[in-house]
There are 2 protein chains.
Amino acid sequence: MSDDATGRRPSIRDVARLAAVSHQTVSRVINNHPSIRPETRDRVLAVMSELQYRPNRAARALVTSRSQTIGILSASSTQYGPASSIAAIEAAARERGYWVSTANISPHDPSSIPDGIAHLMAQSVEGLVVIAPQVRVFRALAAQQLDVPYVTLQSTELDPQHALSVDQMAGARLVTRHLIDLGHRNIYHIAGPQDWIEAEARMRGFLEEMSANDVPTTAPILGDWTAEFGYYAGRELLRVRDFTAIFASNDQMALGLLHAIRDEGLDVPGDISVVGFDDIPDAAHFWPPLTTVRQDFTELGRRCVDLLLGPADGVEPAPTTIVPELVVRRSSGPAARI
Amino acid sequence: MSDDATGRRPSIRDVARLAAVSHQTVSRVINNHPSIRPETRDRVLAVMSELQYRPNRAARALVTSRSQTIGILSASSTQYGPASSIAAIEAAARERGYWVSTANISPHDPSSIPDGIAHLMAQSVEGLVVIAPQVRVFRALAAQQLDVPYVTLQSTELDPQHALSVDQMAGARLVTRHLIDLGHRNIYHIAGPQDWIEAEARMRGFLEEMSANDVPTTAPILGDWTAEFGYYAGRELLRVRDFTAIFASNDQMALGLLHAIRDEGLDVPGDISVVGFDDIPDAAHFWPPLTTVRQDFTELGRRCVDLLLGPADGVEPAPTTIVPELVVRRSSGPAARI
DNA sequence: GCCAGCAATGTGAACGGTCACATTTGCCCA
DNA sequence: TGGGCAAATGTGACCGTTCACATTGCTGGC
């Protein structure tokens, strides 16, 4: 055996030599080119597996100038929702032979946004998924004049042609309506951070549903998505108890609220109703189990890849808006007297 | 301007031409080669920024046969802990000019493990981080005879030279001891899934601490990390109320337990103490706030990259075991009479 | 029996970097 | 004044694939 004892991994030409064909034929086998005689194909495949041949992605990327990679730009990837979507994106991409590369941006460090974008662009990703629906991210995106397609999750308004979203407003209206139907007239809203697009959408949904039903509103309180914030906001609100229900813009903040209300010795929903948004898996086990709005993050991630890479063969494009679903549990009940 | 109106992105040679140097000089500027005259460097840099030149990663990878990418193989990336570690890994890697590519494996589909590994290897990652500490993942890893270094998070035993871990056993002993010190003698343990290494380690810590203190033990119950499981396990256990404390192997299952105990009309910690593991951010707002063990997932992710790529310049290698910390909150108290 | 035309395969040149080595320049010191 | 040596730069090959185009062999219609 004149075995090539060099440490080099076998290339297309090594395979070609052993299979007694040209390197191009090997390439054709790899790419499922139609006009290859079955016996030739088999011979090549046999040599490939014998040599444990693996195509060199870099070489392919170089000549095709396609990286077969999509980038994910994400804030708060530790949260259940984004994390679920990321996992779904990864799965859908992998199914199509794509790789996924992530860059997390820090909410505290503004420069991390352009940094993250640059990092992914340097990787020459073919598409970008943005799961960081903050206004300033869009500014950065616009400023860079990306030459790759991108999709943003959960942000209908700013950039309609790129957006794929759960209809946050509809969800917010759903749950607000639920409270109104239960007789609540004094409802507070704890919103998400100011420049988060989905926070804004939920807030708008809340306000619109309130005014559509002629219920007077108070100014929403801007939170930061954490249970911690919900807790302190709750303590603050309870000093003047002029409400019977609170709609928190996510489940974590709702959890903090429940905590604060209990600390005050009050009952949910007896004294105060609390509703959240997202339906994280834990929400069903809060005390009391939380009424909330379910979003299908997984579906969202999957469709996101469709939108970016074009729908998989045969599957026709689904509408780009997913309507969320109200999940009624025990944290909401008839309005108490104040 | 004989501008190259071709759609091609500028290459090192385009820059060279405009800067009136050779392509190799441009390459040297890119790679911070020492012997370049400052004025030459400036000229080249100027042209690069004018042309918006960006090095082609594939070309570099091809010739150096280094992908500058590390792969993350992860199960349960939607959980707070793994997600935090992933974010930290990504940040640390990016700081060193590395990219991160993830592959999630499904707990339900065994073939997803070799698939995920193959996917990352096809990407020719230079290192692998495994955040899926399941026994069968290690088997798959061993079977593949990887030619890249890898590190596994949270699994001391199986593979000591590759492991980097929070000392799960120490954490489990800490919290078990806490219960024993409070006078508990009838303690149940809800463990994680059977083939999860960290579940196993926590269970061992529990059993060892129990027997070190001559407290009789009952067989641990094997759960699946979810609040849902904790809830049903709790309901089941409460049919025969022969215990005063439960140690759940993670905070989610503890949440489910709290739910079940409340459903039964019992008080935590008055009747039963409950402790968890991980200290997810929400744990402080459970009802009652949960006594648990804090793991620094972020630090873990950071060190993990050090271990894989070698510590950053000047920083000396930290020990590869991180000791977790007991966080006492209100869910644990003196043992009640049964 | 000839040639068009297609199926199957081969040939050589990219792609955009880095590597190894060659060449030029500038400076110091004998 | 010239030789040597290091600093600064240039030259051409190469990495492993795909692309565009060329070549071969065979089939079928007239």
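## Two helices that cross

Let's start inside chain B. Here α2(B) and helix α3 (residues 38-51) of chain B have axes that come within 10 Å and cross at roughly 90°. Angles of 65 to 115 degrees count as roughly perpendicular, and α2(B) and α3(B) are therefore roughly perpendicular to each other. From α2(B), the residues that make the contact are B:Thr25, B:Val26 and B:Val29, while α3(B) brings B:Thr40, B:Arg41, B:Val44 and B:Leu45. Sort the residues of this contact by class and you get four nonpolar, two polar and one charged.

Keep in mind as you look around that this is a predicted model.

## Two chains, one kind of surface

Now zoom out to chains A and B. Two copies of a chain are related by a rotation about an axis and a shift along it. In this model, chain B lands on chain A after a rotation of 180° with 0.1 Å of shift along the axis, and the RMSD is 0.2 Å. That is the relation of a two-fold axis.

How many residues does each chain bring to the contact? Chain B supplies 38 residues and chain A supplies 39 residues. On the side of chain B that touches chain A, the elements giving two or more residues are α4 (57-64), α5 (80-95), β2 (99-104), α6 (112-122), α10 (227-239) and α11 (251-263) of chain B. The top contributor is α5(B), with seven residues. By class, this side of chain B has 17 nonpolar, 15 polar and six charged residues. There is a neat link between the two sides: 100% of the interface residues of chain B are also interface residues in chain A, so the copies meet through the same surface.

## Around DNA strand C

Next, the DNA. Strand C is surrounded by 27 residues, and the closest are A:Ser22, A:Gln24, A:Ser35, B:Ile12 and B:Ser27. The elements that give two or more residues to this surface are α2 (23-30) and α4 (57-64) of chain A, along with α2 (23-30) and α4 of chain B.

Which element has the largest share of the surface near DNA strand C? That would be α4(B), with five residues. The class count for the surface near strand C is 10 nonpolar, 13 polar and four charged.

## Around DNA strand D

For DNA strand D, there are 28 surrounding residues, with A:Ile12, A:Ser27, A:Asn56, B:Ser22 and B:Ser35 the closest. Two or more residues come from each of α1 (12-19), α2 and α4 of chain A, and from each of α2 and α4 of chain B.

On this surface, α4(A) gives the most, with five residues. By class, the residues near strand D split into 10 nonpolar, 13 polar and five charged.

## A sheet in each chain

Have a look at the strands next. In chain A, four strands make an open sheet in the order β7-β6-β8-β9, with parallel pairing. At the edges stand β7 (221-222) and β9 (273-275) of chain A; each has a single partner strand, so one side of each is left without a neighbour in the sheet. Strand β6 (residues 187-191) of chain A is joined to β7(A) by two bridges, and these strands run parallel. In β7(A), A:Ile221 is the bridge partner of A:Ile190. Helix α9 (residues 197-212) of chain A packs on the sheet, where it touches β6 and β8 (245-248) of chain A, and its direction makes about 170° with that of β6(A).

Chain B has an open sheet of four strands too, ordered β7-β6-β8-β9 and paired in parallel. Its edge strands are β7 (221-222) and β9 (273-275) of chain B, each pairing on one side only. Two bridges join β6 (residues 187-191) of chain B to β7(B), and B:Leu222 in β7(B) is the bridge partner of B:Ala191. On this sheet packs helix α9 (residues 197-212) of chain B, touching β6 and β8 (245-248) of chain B.

## Backbone details to spot

Which residues does a cis peptide bond join in chain A? They are A:Val268 and A:Pro269, with omega about 5°. You'll find A:Pro269 in the loop between α11 (251-263) and β9 of chain A. In chain B, a cis peptide bond joins B:Val268 and B:Pro269, and omega is about 5°. B:Pro269 sits in the loop between α11 and β9 of chain B.

One more residue to find is A:Gln52, in the loop between α3 (38-51) and α4 of chain A. The phi of A:Gln52 is near 55°, a positive value in a residue other than glycine.

Technical notes. Residues numbered from 1 in each chain as written. Chains lettered and ligands numbered in written order. Predicted model: local features only at pLDDT ≥ 70, side-chain atom pairs only at ≥ 80, totals over all residues. Contact = placed C-beta atoms within 7 Å. Nonpolar A, V, L, I, M, F, W, Y, C, P; charged D, E, K, R; others polar. Least-squares fit on C-alpha atoms with pLDDT ≥ 70 in both. Near = placed C-beta within 6 Å. Axes fitted to C-alpha atoms, helices over the stretch in contact; angles between N-to-C directions. Parallel < 35°, antiparallel > 145°, perpendicular 65-115°, else oblique. Pairing = 2+ DSSP bridges.
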